[in-house]
Amino acid sequence: MKKLISALIVPLLFVGCSYRSDDIKDNGVWVPVPIGKSVMGYDNIGGKIYWGYITDDFTADSELGVDIETFRVCKGSEYSKDKNRVYYPQDIICYDGIDENGGFGGTIAKKIVLKGANPSRFRYIGDGYAVSGNQMYLNGKKIEWNDSIIQKGGKR
């Protein structure tokens with residue numbers, strides 16, 4: 001009896017988990033951010049990535065610490081990812097004071113890592129919707145899973 005139970009249970013240990021996002025088509029166009037350029041608010045300053053809309057001589061106060069080799073931004077959205085994390089500006093702070101040259105400040109995000117999102121399973125559906133594993137997001141916020149959004153965005 002023990003052998004029969006072991007024969008039934010042991011194979012189950014090696015069966016991989018599947019996630020809802022695995023069968024969903026990624027509609028995102030993922031592009032790198034070249035040095036000195038900005039894509040959807042992500043700025044590559046000297047090989048380090050910052051998020052923010054910066055004007056005049058106002059500079060971002062903290063870099064994201066991304067893996068620059070694998071970092072990509074999804075065009076048409078503010079989602080980005082590298083091999084370790086998924087990013088989306090969530091806690092946005094606007095500095096709109098006037099500096100000594102008469103220029104205006106800028107906008108930066110203090111909270112940007114999308115907690116719980118797995119970059120290898122992350123798919124952009126469109127219109128701000130994205131999925132990762134069994135989670136669904138709208139503009140960087142977790143929402144309840146909705147299959148009608150998936151059907152609109154397309155399955156593989």
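Biologist: With which residues is Val 33 in contact, leaving aside its neighbours within four places in sequence?

Modeller: Contact means heavy atoms within 4.5 Å. The structure is a predicted model, in which local features need pLDDT of at least 70, side-chain atom pairs count only at pLDDT 80 or more, and totals for chains, interfaces and linings use all residues. Residues are numbered from 1 along each chain as its sequence is written, and side-chain values use heavy atoms, with hydrogens and water left out. With neighbours up to four places away set aside, the partners of Val 33 are Ser 38, Val 39, Tyr 42, Asp 43, Asn 44, Ile 49, Phe 71 and Val 73.

Biologist: Which elements give two or more residues to the largest nonpolar core?

Modeller: A nonpolar core is a set of buried Ala, Val, Leu, Ile, Met, Phe, Trp, Tyr and Cys residues joined through side-chain atoms within 4.5 Å; buried means under 20% relative accessible area, exposed over 50%, and partly exposed in between (1.4 Å probe, protein chains only). The largest core has 13 residues, of which Val 33, Tyr 42, Ile 49, Leu 64, Phe 71 and Ile 112 touch the most other members. Helices (H or I, at least four residues) and strands (E, at least two) are DSSP runs, numbered from the N terminus. The elements giving two or more residues are strand S4 (48–54) and strand S8 (104–113).

Biologist: How many residues does the second, separate core have?

Modeller: Val 86, Leu 114, Ala 130 and Tyr 137 are included in this second core. Its size is 11 residues.

Biologist: Lys 81 is buried yet has no salt bridge; how far away is the nearest side chain of opposite charge?

Modeller: Lys 81 is found in strand S6 (residues 80–81), and its contacts beyond four places in sequence include Asp 26, Trp 30, Phe 71 and Val 86. Lys and Arg count as positive and Asp and Glu as negative, whereas His and the chain ends are not counted. A salt bridge is a side-chain nitrogen of Lys or Arg within 4 Å of a carboxyl oxygen of Asp or Glu. The nearest side chain of opposite charge is that of Asp 26, at 4.3 Å.

Biologist: Which are the edge strands of the open sheet of four strands?

Modeller: Two strands pair if DSSP finds at least two bridges between them. The sheet has the order S9-S10-S11-S12 with antiparallel pairing. Pairing on one side only marks the edge strands, S9 (122–126) and S12 (141–143).

Biologist: Which residue in S10 is the bridge partner of Gly 126?

Modeller: S9 and S10 (residues 129–132) run antiparallel and are joined by four bridges. Arg 123 stands opposite Val 131. In the hairpin, two residues lie between the strands, and Asp 127 takes a positive phi near 55 degrees. The partner of Gly 126 is Tyr 129.

Biologist: Why is S9 largely enclosed by the rest of the structure?

Modeller: The enclosure follows from the burial of its residues. S9 is largely enclosed because the number of its five residues that are buried is five.

Biologist: What is the relative accessible area of Leu 138?

Modeller: Leu 138 has its place in strand S11 (residues 135–138). Beyond four places in sequence, Leu 138 touches Tyr 79, Asp 127, Gly 128, Tyr 129 and Ile 143. Leu 138 is partly exposed, with a relative accessible area of 26%.
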